[in-house]
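Biologist: I am new to this model and would like a close look at one part. Please take me through the empty spaces inside it and in its surface.

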Amino acid sequence: MITDKYDVIVVGGGHAGCEAAAAAANLGSKTLLVTMNMQTIGQMSCNPAMGGIAKGQIVREIDALGGYSGIVADKSAVQFKMLNLSKGPAMWSPRTQNDRMMFAEEWRIALENTPNLDFFQDMVKSLIIEDHKAVGVVTSLGISIRAHAVILTNGTFLNGLIHVGDKQLGGGRMGEPRAFGITEQLIALGFQAGRMKTGTPPRVDGRSLNYSVMEEQKGDENPQKFSYTDTPKLTRQLSCHIVYTNETVHEILREGFDRSPMFNGTIQSTGPRYCPSIEDKINRFAERTRHQLFVEPEGWRTCEIYVNGFSSSLPEDVQIKAMRHIPGFENVKVFRPGYAIEYDYFPPTQLNHTLETKLISNLYFAGQINGTTGYEEAAGQGLMAGINAHNKVHGKDEFILQRDEAYIGVLIDDLITKGTEEPYRMFTSRAEYRLLLRQDNADVRLTEKGYHLGLASLQRLQAVEEKISKSSELEAFLKEYSLKPGVINPVLETIASSPVDQAYRAAQILTRPNMSLDKLEGIPGIKEVSSLYSDEVREQAEINIKYRGYIEKEKENVAKLNRLETIRIPADFSYDGITSLSAEAKQKLNNIRPKTIAQASRISGVSPADINVLLIYLGR
């Protein structure tokens, strides 16, 4: 096997690597997944959960395109919640709590049942580069394995350094060795590299906790799921719990600050802004007397608990002493203290939108190597890298999602055009067209693309086409069905909405604030018709009716932006000769080399005036 030549080699078996390997292999590429440990494929290194705000949309998008993350998450879920239901549908975000061991097992099973995919357990210490092209890898055993393309998904393993108080351990995860050699080689080839930091909370023995003093957080009464396939819905769920820190906890933690690598200068790299450690929170938000913690189960058959919100690199004795002053944690037993980890990354402005590097062709980066944080962000990049590596090897067109098509498109465009100096995390606020990029319509947006790629089946495409057809039928009925005042006014009274004095169409009434299709279904004639359709169809029809005006406005804005996307910038375009451009714009444009005016307009430091200058020089 190791003497064979592969189409695609994927280095790393985390979330990005798993999606990359599955995509390339399912598309028909002869693929090899090289990982340091076959037992940790698909490992949830941090919290045992998938999805969340904006992240849940990414999981749905991966599933619609034909990736595996949604299926694996559904099969290993212990709880499902739809977040932000009190807000508009653009903000609704699905999230599962998962069984950590089942999640990794389901990924392993899915990959082992994927045709064209081989596995090899070893550390990759260097790449084989010929004529500025990646043509293989060399492992720590000195084995050379050749391929037409290589995808690096190294996670936190590149020169990983673990911090627990004043102790430092080389490793990519606690108990696992770090990878070395690749960073040094890439720097020698001309790549820029940097260091980032992330962290993880303690894991504790759930048998030692007193849940009676905690606030129980149950899953949704009618749990949904991520995948648009026939994965099972949850019939029973595990509860999470909420507790709070207090001033005593904070004081104990402060006593350990002089031994904290965050405050004594040991850690120099940048950590995630939106997932700070507990010591960072009590330092930055000194006025707060408490911080919320989520007590999350790790699975159906384990007593291990993940203390979400208590990420820390403080000495283990300080962590344990402080936790024992949290309500319900008085007798806590710790399986493993929290720790911080520093690792190498490569600023993503060195990539094309296909995730292929600009310096070395047929070399792709995906996941934390690009400066992102989060399973979902990594998985989305892995899927796109796997697709594009396969397409390039087989002479097919590149596959790029635009900002109005998917959160995955927003993620990659942000990375390529803006770069990141801190771990990048997706939020709904990063997507200017988030009303178009809802979690409920990911299948409508992307299944056809997945089908034409060769990842989504004909059956899935037909199911989406039927959903679109059925929702259009229901919309048409609601637009035509007339409601007389005597019928609709009692319903309007229940939501404190103004009564009507003449007949109105059901769709018109549905656009009122606080009105929903569920409430209208109490009216004879509507209930009988609405009950003929699935929950997904009913939800889609309701959103389309209630938000049609806003949706159309966003589509108009997309059309305006797309006109700039068609204005190409020649690859050899000289910015230095344009005296009207600002010095910062010249520097940023030369560094990133955008392909279109629209991409140039999204680069930090390139002003509207600079864009107007470029338009003039390009004859527009």
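Modeller: Here is a tour of the enclosed cavities, a neighbouring helix and one open pocket.

The model is predicted: local features need pLDDT of at least 70, side-chain atom pairs count only at pLDDT 80 or more, and totals for chains, interfaces and linings use all residues. Residues are numbered from 1 along each chain as its sequence is written, and side-chain values use heavy atoms, without hydrogens or water.

Start with the cavities (sets of points on a 1 Å grid over the protein atoms alone, where a 1.4 Å probe fits but cannot get out). There are 3 of 30 Å³ or more. Volume here is the space filled by probe spheres set on the points, joined across faces, edges and corners.

The largest cavity has a volume of about 60 Å³. Its lining (residues with an atom within 4 Å of a point) includes Leu351, Asn352, His353 and Lys358. Ile416 and Thr417 also line this cavity. So do Ile592, Arg593, Pro594, Lys595 and Gln599. The mix is 4 nonpolar, 4 polar and 3 charged residues. Here Ala, Val, Leu, Ile, Met, Phe, Trp, Tyr, Cys and Pro are nonpolar, Asp, Glu, Lys and Arg charged, and the others, Gly among them, polar.

The second largest cavity fills about 50 Å³. His353 lines this one as well as the largest. Met384, Ile400 and Leu401 are also in the lining of the second largest cavity. Helix α10 (residues 407-418) gives the most, with 4 residues. Ile408, Gly409, Ile412 and Asp413 complete the lining. By class, this cavity has 5 nonpolar, 2 polar and 1 charged residues around it. Helices are DSSP runs (H or I, at least four residues), numbered from the N terminus.

Now look at α21 (residues 608-617). Asp610, Ile611, Val613, Leu614 and Leu615 are buried there, with under 20% relative accessible area (1.4 Å probe, protein chains only). They pack against α19 (583-592) and α20 (597-601), with heavy atoms within 4.5 Å. Just after α21, Gly619 takes a positive phi of about 80 degrees.

Last comes the second largest pocket, about 990 Å³ in volume. A pocket is an open set of points with protein on both sides within 12 Å along at least five of seven lines. This pocket is lined by 31 residues, and Leu85, Trp92, Asp518, Glu539 and Glu542 are the closest to its centre. α15 (517-520) and α17 (535-546) each supply at least two lining residues. α17 gives the most, with 7 residues. The whole lining has 11 nonpolar, 8 polar and 12 charged residues.

Note on methods:
Buried < 20%, exposed > 50% of the residue type's maximum accessible area, 1.4 Å probe, protein only.
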